[in-house]
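Biologist: Could you take me through one part of this model up close? I'm a first-year student, so plain words would help.

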Amino acid sequence: MSPPSGRTSRLALPLAPLAVAFAAGIALAPWIPPRAAWAVLAAALAASVLVLVLGQAMHALVPLLAAIAMLGALRATPAPLPPEHVGLLPLPLTARVEARLAAEPIVWAPDRARLALDVERVDGVVRTGRILIGLYGPPPPLAEGQRLAVDARLERPLGFRDPGVFDAAARLAREGVHVTGSASATRVVPLEPPAPPWPARVRRFALAAFAERLPSASAGLLGGLVLGDRTTLPADVQDAFRRAGIFHVLAVSGFNVALLAGAVWTLMRAAGGGRRTAAAGGIVAVLGFAAVVGPEPSVIRATIMAVLVLAAVLLDREASVTNSLALAALAILAVRPGDLLDPGFQLSFAATAGIVVAPMPRGTLAASLAVSLAAQLAVLPVALVHFNQLSTVGLVANLAAVPLAGAATVLGLLAVVAAAVGDVAAAAVFGAVWPVLLVLRAVAALAAAVPGAVIRLPAPSPGAIVAYVAALTCGLAAWHWRARRGAGRALAAGATLTLLVAVALAALPVLTRGDGRLRVTVLDVGQGDAIVVETPDGRAIVVDAGAGGPWRLDAGERAVAPFLWNRGVLALHATLATHADIDHAGGMAALHRLFAVTERWDDAARPRSVGGALLTPIAPDVPGGRRNDRAVMLRVELGLASVLLASDVEAAGERALLEAGVPLGATVLKVGHHGAATSSTAPFLAAVRPTVAIVSVGARNPYGHPDAGALARLTAVGARVYRTDRDGAVLVETDGRTLTVTRWRDGSVERICLDPETIC
Amino acid sequence: MLGYTRRQLVIVVSLVAGGAVGLAIDHWRHANPDVVAYLETLDRAPATVREPVARRPNARVQDPPHASAPAPSREARGPEPSARDGGRARPARADDATPLDVNLASAAELERLPGVGPALAARIVDVRAREGPFGSVDDLRRVRGVGVATLERLRPRLAVNTP
């Protein structure tokens, strides 16, 4: 059992199981009460010590792994905020904040910037904690480490709280940011002159050199390739890279670190340096690069791995890539356990693990194809969970893009050095890098133009992911034991079977659509309306898609689209923009870009039956009325249940509808105009007589919605009021006889009987 | 495949045990801030702690108004006003060799001293406001977070000129 002592001296400690146990503990932390974790940790530790002293050493492994998992769970439980933490202030609050810039300001538009601040004082009182401030107006020159004072409006971060939709506030909380804010750039007072630390100076110098010597789009691309800075890269170029499945070259990653280490190694060897000199040079270069590009999980991973591999050369030892990968994971997770859920962390580790364990064929082309395939297979579940995205052209596009991006990155690094040396050298290197950048952009545009380059799919369930990983593991094992007939065949069969299970489980949301129930979901999109109607036969109709458009957070793209994909809706039956206001129609363009839409309805649309449900557009006739009063309402009926989506119609429109004698009675009312005082007049509500009233409204909106009087009128007619600012998305589901309403935020469900004759 | 030697496992168990103890102390500190604060007050030489605290409330608190210039009492009101105008209006005077009077200095001025952050500066001003001025530079030990090392580092930059 115990190997010869010579092997231990090589430090061949397989760290992978320990890293996996630690990560599992972090992942399970929300479900493990701390007391239980402490108890298990103590018991497991005692057990492993006992076994180590008395029994066979290897038997101590199981309790030891359990102890490590509990350690992970306890590390991930958030500590209570210290009493002087800025997160404990009563918010919202307008205050003078004195703070130190924690990072270089991110200037993402000429008059928009984001600052990460480490607070020192709020209104003169000592406070601590990290906050994010959005600046509007042209920002003053600021640099990392600088102290400044700013009069800012401080608030709690707010994300979209919808099923299957990324919640930005939860992500910020994991990063320890509990307060965000906004301020005018004119209210920023630097308390000391900007003195950027050397990594920031190198970064600024490089970006300035790129911008000076290249056309703007190419400069932005090179900034992304070399430094991961995409702020100046046009959105359509980014989109092309994303669709082509080669977006990863725009993020700074292990790829850059490996290229840099390789380039430095080759240069120093060519200059006549020894192996050890080259390794030492590589370590210095990699650490310097990591300092310049910042602490992304992928950079830390690649840096730790590169340093370990190079240090092994330095010390004349054999490096284990698996071990250095596991050590990198342990180091990152021990310091920042929240990174486990970060897409960047997951993509980086999944891709690297895939490349490390995959069998590599001989031949350059076959090997590069194998690397590309291994990485694609490994990141597939991650890409589906976070982006609902499956790239079909990525495998081929990477074959062309990765060498190009590699060449451009190495040339870009050289260009930074050349720009520091002199004009002639810089002109030569930039002249060489420009055509490479153009070809790379052409490759991305070409691959993105392929029809079906990206397939959007629902996020796979945990079961599907487990089955998929099992299938990959079985496939690998079958490959390793292919010489042994019986075992190889059994494993191959196992791989096929588990893969089928994974596909079936992943396709379940798409296959189970159309169960005869009508669903109306009022999504939480901040201030605005976005409503998804799913008919009994599984078709989906989107009524308004929230705010959107350039320079603002697009609710259509960020909330409505992922909600639909995760519901298994891959194409839309119809869209209806009730009126042209930006908080209703803004996100519609993104939906038309991302989905195939069969019909586009407007105010002239006729009543129609879709899958057994009757949908009637109602347009109030108010001659010369305001835009809100010409908004289209939609009435949806199935059996005894009816839903009236009242858009932004105000008093004049409501009166016109009452006078026209349009049937308005409905079980569920999407309250007009976000609960404003000018809507939901008493006669209108008396005609509708809703049991359930849903107000689609953003928290802290500047209009004072919803109005207390309107809410009182709703309660007066016996309606139960739901609000997206407090409840998150509100989900209504009915089979025509009973109706359930779910608040997404706390998961509470209420059931309403529509048929007075039966008991349900 | 998973061959661990006894020695490796002993190393891992020790690391996990060490990590667990560290984590336990950390959680305990977060759960009991009062006890931690009390323990930190004990973490000083007892003579300088007991004596001034016991003597000061009846002896010195009435002193400042008539015994010294109006400056300390203005400063003693709290960190807010001094921090605000001190932060910008006064240039970096504390950086030169002139010793700073602990009883007159604002929080912003104290902050410019080596190793004094905003929290410690605020605590110094706070203790001065609540318990009265410092009798000597050594008297700074009353402030939580000022230990022997900090005091020796600060001594050349500080003075107590007020009686």
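Let me start with a single residue: is E750(A) buried or exposed?

Modeller: Before anything else, keep in mind that this is a predicted model. E750(A) is buried: its relative accessible area is 18%, and the cut-off for calling a residue buried is under 20%.

Now look at who E750(A) pairs with. Its side chain meets the side chain of R720(A) in a salt bridge, with N and O 2.1 Å apart. Find strand β25 (residues 749-753) of chain A for E750(A), and strand β22 (residues 720-723) of chain A for R720(A); the two residues are 30 apart in sequence, so the pair ties those parts together. The two ends don't have the surroundings you might guess from a shared bond: R720(A) is partly exposed, with a relative accessible area of 41%, while E750(A) counts as buried.

Salt bridges can also link up through shared partners. That is how E98(A), R100(A), E120(A), R121(A), R147(A) and E192(A) end up in one network. If you add up every chain, the structure holds 36 salt bridges.

Let's go through a couple more pairs in chain A. R204(A) and E104(A) have side chains that meet in a salt bridge, at 2.6 Å from N to O. This one links distant parts of the chain, with the partners 100 residues apart: R204(A) sits in helix α6 (residues 198-213) of chain A, and E104(A) in the loop between β1 (93-101) and β2 (106-109) of chain A. Here E104(A) is the buried partner, with 19% relative accessibility, whereas R204(A) is partly exposed at 36%.

Stay with that helix and go to R213(A). R213(A) forms a salt bridge with D423(A), and their closest N and O atoms are 2.5 Å apart. Again distant parts of the chain are linked: R213(A) belongs to helix α6 of chain A and D423(A) to helix α16 (residues 423-449) of chain A, 210 residues apart. R213(A) is partly exposed, at 29% relative accessibility. D423(A) counts as exposed, at 54%.

A salt bridge isn't the kind of link to look for at N628(A). Find N628(A) in the loop between β17 (613-618) and β18 (633-638) of chain A. N628(A) is buried, with a relative accessible area of 10%. Its side chain makes a polar contact, at 2.8 Å, with the side chain of E650(A). Skip the neighbours within four places in sequence, and you'll see N628(A) in contact with H579(A), D581(A), D648(A), V649(A), E650(A) and H673(A).

Helices meet each other too. In chain A, the axes of helix α11 (residues 297-314) and helix α13 (residues 343-357) come within 8 Å and cross at roughly 35 degrees. From α11(A), the residues to pick out are P297(A), S298(A), R301(A) and M305(A), and they meet F345(A), S348(A), F349(A) and T352(A) of α13(A). Sorted by class, this contact has four nonpolar, three polar and one charged residues.

Now zoom out to where chain A touches chain B. The contact involves 38 residues from chain A and 28 residues from chain B. Together the two chains bury about 3,000 Å², with 72% of that on carbon and sulfur atoms. After all those salt bridges, it's worth checking for them here: the count between chain B and chain A is zero. What you do find across the interface is four residue pairs in polar contact. On the chain B side, the elements giving two or more residues are α1 (6-31), α6 (79-88), α7 (107-111) and α8 (118-131). The most comes from α1(B), with 15 residues. By class, the chain B side divides into 16 nonpolar, six polar and six charged residues.

To finish, here is chain B by itself. Chain B has nine helices and two strands. Reading from the N terminus, its elements run α-α-α-α-α-α-β-α-α-α-β. Of its 163 residues, 37% are buried. And if you take the contacts in chain B between residues at least 6 apart in sequence, 54% join residues at least 24 apart.

How values were computed
Residues are numbered from 1 along each chain as its sequence is written. Chains are lettered from A and ligands numbered from 1 in the order in which they are written. This is a predicted model: local features need pLDDT of at least 70, side-chain atom pairs count only at pLDDT 80 or more; totals for chains, interfaces and linings use all residues. Side-chain values use heavy atoms; hydrogens and water are left out. Contact means heavy atoms within 4.5 Å. Buried area is the accessible area (1.4 Å probe) that two parts lose on being put together, summed over both. A salt bridge is a side-chain nitrogen of Lys or Arg within 4 Å of a carboxyl oxygen of Asp or Glu. A polar contact is a pair of N or O atoms within 3.5 Å; within protein, one must be able to donate a hydrogen and the other to accept it, and residues adjacent in sequence count only if both atoms are side-chain atoms. Helices (H or I, at least four residues) and strands (E, at least two) are DSSP runs, numbered from the N terminus. Ala, Val, Leu, Ile, Met, Phe, Trp, Tyr, Cys and Pro count as nonpolar, Asp, Glu, Lys and Arg as charged, and the others, Gly among them, as polar. Axes are lines fitted to C-alpha atoms, for helices over the stretch in contact, and angles run from 0 to 180 degrees between N-to-C directions. Buried means under 20% relative accessible area, exposed over 50%, partly exposed in between (1.4 Å probe, protein chains only).
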